[in-house]
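Visitor: I should like to learn how to read a structural model of this kind. May we take the features in turn?

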Amino acid sequence: MQAKIIDGKAIARDIKEELRVEVERLKANGTVPTLAVVLVGGDPASAVYVKNKKAACAHVGIRSLSYELPADTTEASLLELVEELNSRQDVHGILVQLPLPVQIDEDKVLMAIRPEKDVDGFHPMNVGNLSIGRPGFVSCTPAGILELLKRTGIQLKGKKCVIVGRSNIVGKPVAMLLLREHATVTICHSRTEDLPGECRQADVLVAAVGIPNFIKGSHVKPGAVVIDVGINRLADGKLCGDVDYVECLEVAGHITPVPGGVGPMTIAMLMKNCVEAASK
Ligand SMILES: Nc1nc(=O)c2c([nH]1)NC[C@@H]1CN(c3ccc(C(=O)N[C@@H](CCC(=O)O)C(=O)O)cc3)C=[N+]21
Ligand SMILES: [Mg+2]
């Protein structure tokens, strides 16, 4: 039997509709939720994501302020902009699009954003709060994955979840979120011995490796939930996930497509974090 396709685009649309109502309420109370989006340089993929984020803001009713800086921007001037946005009362969320040009230390910039405005959830304070179970902003892709699982009715308690990829932005925080749901969590990576064997144990398999079609049908336990976090741009311009979709569709119980799976959820969670930032 073919896997059920989890429609991330539709679920993201539902979430944005829910947020629209909250934004109207905030506006009625005199607060216009505002996100500052900072883009340094002209990376074409980043430009697409930033455009999508601004479109989502417009849809939900969030005001977005756009800062497009040249590729040769210095670290000092970017930090100066972050400081200005930190101190502005009318700015609730700050997003500095990654990756940044080589002359800028990303860590330094992310640490400069006030944790209360860190709607990306990348500041060590928010990362730490997540890992010890305190409230704070959760980064958008991991939060989006959990929301997809919840709204699809996938039970996580006691289930075996295997994550392939150990990045700070996806692998590690998604592990923390799954643990919080009482799942048994394994994080695999490039040095894992017998990766296919680990993957085949998974009730929920999360692929975040950045290699097109890396997860094959033979990695998947029949009936498992397969979440594809990959966004690989192929030479022909098409988007491709980390999961071999055609193969895994025949084995999995549920699967997310690329595009239209985790990507739109990332943006919906960014909107959710902005609304939360503005509510405080
Ligand atoms: N500070 C920061 N925060 C981020 O959250 C952040 C970032 N930097 N840098 C890059 C990654 C990547 N990312 C995506 C967001 C939306 C889609 C998305 O909308 N994807 C659509 C397709 C979009 C397309 O056609 O290219 C989909 O999967 O259906 C993908 C990827 C956010 N990131
Ligand atoms: Mg990645």
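Guide: Let us start with the shell around ligand 1 in this predicted model. Three elements, α2 (44-60), β4 (93-96) and α10 (262-279), each contribute at least two residues to that shell.

Visitor: Which element supplies the largest share of the shell around ligand 1?

Guide: The largest share comes from α10, with four residues.

Visitor: Which of the 18 residues around ligand 1 come nearest?

Guide: Tyr49, Leu98, Pro259, Gly263 and Thr266 come nearest among the 18. By character, the residues of the shell divide into twelve nonpolar, five polar and one charged.

Visitor: Where does ligand 1 lie with respect to the domains?

Guide: The domain assignment of the chain gives domain 1 (30-115) and domain 2 (139-263). Ligand 1 lies between them, because both domain 1 and domain 2 give residues to its shell. The C-alpha centres of the two domains are 28 Å apart.

Visitor: Two of the residues you named call for a closer look at the backbone. Which residues are joined to Pro99 and to Pro259 by a cis peptide bond?

Guide: Leu98 is joined to Pro99 by a cis peptide bond, with omega about 0°. Pro99 is found in the loop between β4 and α4 (106-112). Likewise, a cis peptide bond joins Val258 and Pro259, where omega is about -5°. Pro259 sits in the loop between β11 (254-255) and α10. Recall that Leu98 and Pro259 are among the residues that come nearest to ligand 1.

Visitor: Let us turn to the sheets. In what order do the strands of the three-stranded sheet stand?

Guide: To read a sheet, one follows the order of its strands, then their pairing, then the edges. Here three strands form an open sheet in the order β3-β2-β4, with parallel pairing. Its edge strands are β3 (63-69) and β4, each of which pairs on one side only. Direction ignored, neighbouring strands of this sheet are turned by 15° against each other on average.

Visitor: How many bridges join β2 to β3?

Guide: Strand β2 (residues 34-40) is joined to β3 by seven bridges, and the two run parallel. As one example, Leu35 stands opposite Ser64 in β3.

Visitor: Which strands of this sheet do α2 and α3 touch?

Guide: Helix α2 packs on the sheet and touches β2 and β3, its direction making about 170° with that of β2. Helix α3 (residues 75-87) also packs on the sheet, touching β2, β3 and β4, and its direction makes about 180° with that of β2.

Visitor: How should one describe a pair of packed helices?

Guide: For two packed helices, one gives the angle between the axes and the distance between the axes. In this model, helix α1 (residues 8-28) and α2 pack at an angle of about 55°, with their axes 8 Å apart. That angle makes α1 oblique to α2. The contact is made by Lys16, Leu19, Arg20 and Val23 of α1 together with Ala56, His59 and Val60 of α2. The residues of this contact divide into four nonpolar, one polar and two charged.

Visitor: What is the strand order of the six-stranded sheet?

Guide: The six strands form an open sheet in the order β1-β11-β8-β7-β5-β6, and the pairing is parallel. At the edges are β1 (4-5) and β6 (184-188), each pairing on one side only. Within this sheet, four bridges join strand β7 (residues 204-207) to strand β8 (residues 225-228), and these two run parallel. Val204, for instance, has Val225 as its bridge partner in β8.

Visitor: Which strands does helix α7 lie across?

Guide: Helix α7 (residues 171-180) lies across β5 (160-164), β6 and β7, and runs at about 170° to β6. The loop between α7 and β6 holds His182. Although His182 is not a glycine, it has a positive phi of about 70°.

Notes:
Residues are numbered from 1 along each chain as its sequence is written. Chains are lettered from A and ligands numbered from 1 in the order in which they are written. This is a predicted model: local features need pLDDT of at least 70, side-chain atom pairs count only at pLDDT 80 or more; totals for chains, interfaces and linings use all residues. A residue is near a molecule or strand if its C-beta atom, placed from the backbone, lies within 6 Å of it. Ala, Val, Leu, Ile, Met, Phe, Trp, Tyr, Cys and Pro count as nonpolar, Asp, Glu, Lys and Arg as charged, and the others, Gly among them, as polar. Domain bounds come from an automatic or database domain assignment. Two strands pair if DSSP finds at least two bridges between them. Two residues are in contact if their C-beta atoms, placed from the backbone, lie within 7 Å. Axes are lines fitted to C-alpha atoms, for helices over the stretch in contact, and angles run from 0 to 180 degrees between N-to-C directions. Angles under 35 degrees count as roughly parallel, over 145 as roughly antiparallel, 65 to 115 as roughly perpendicular and the rest as oblique.
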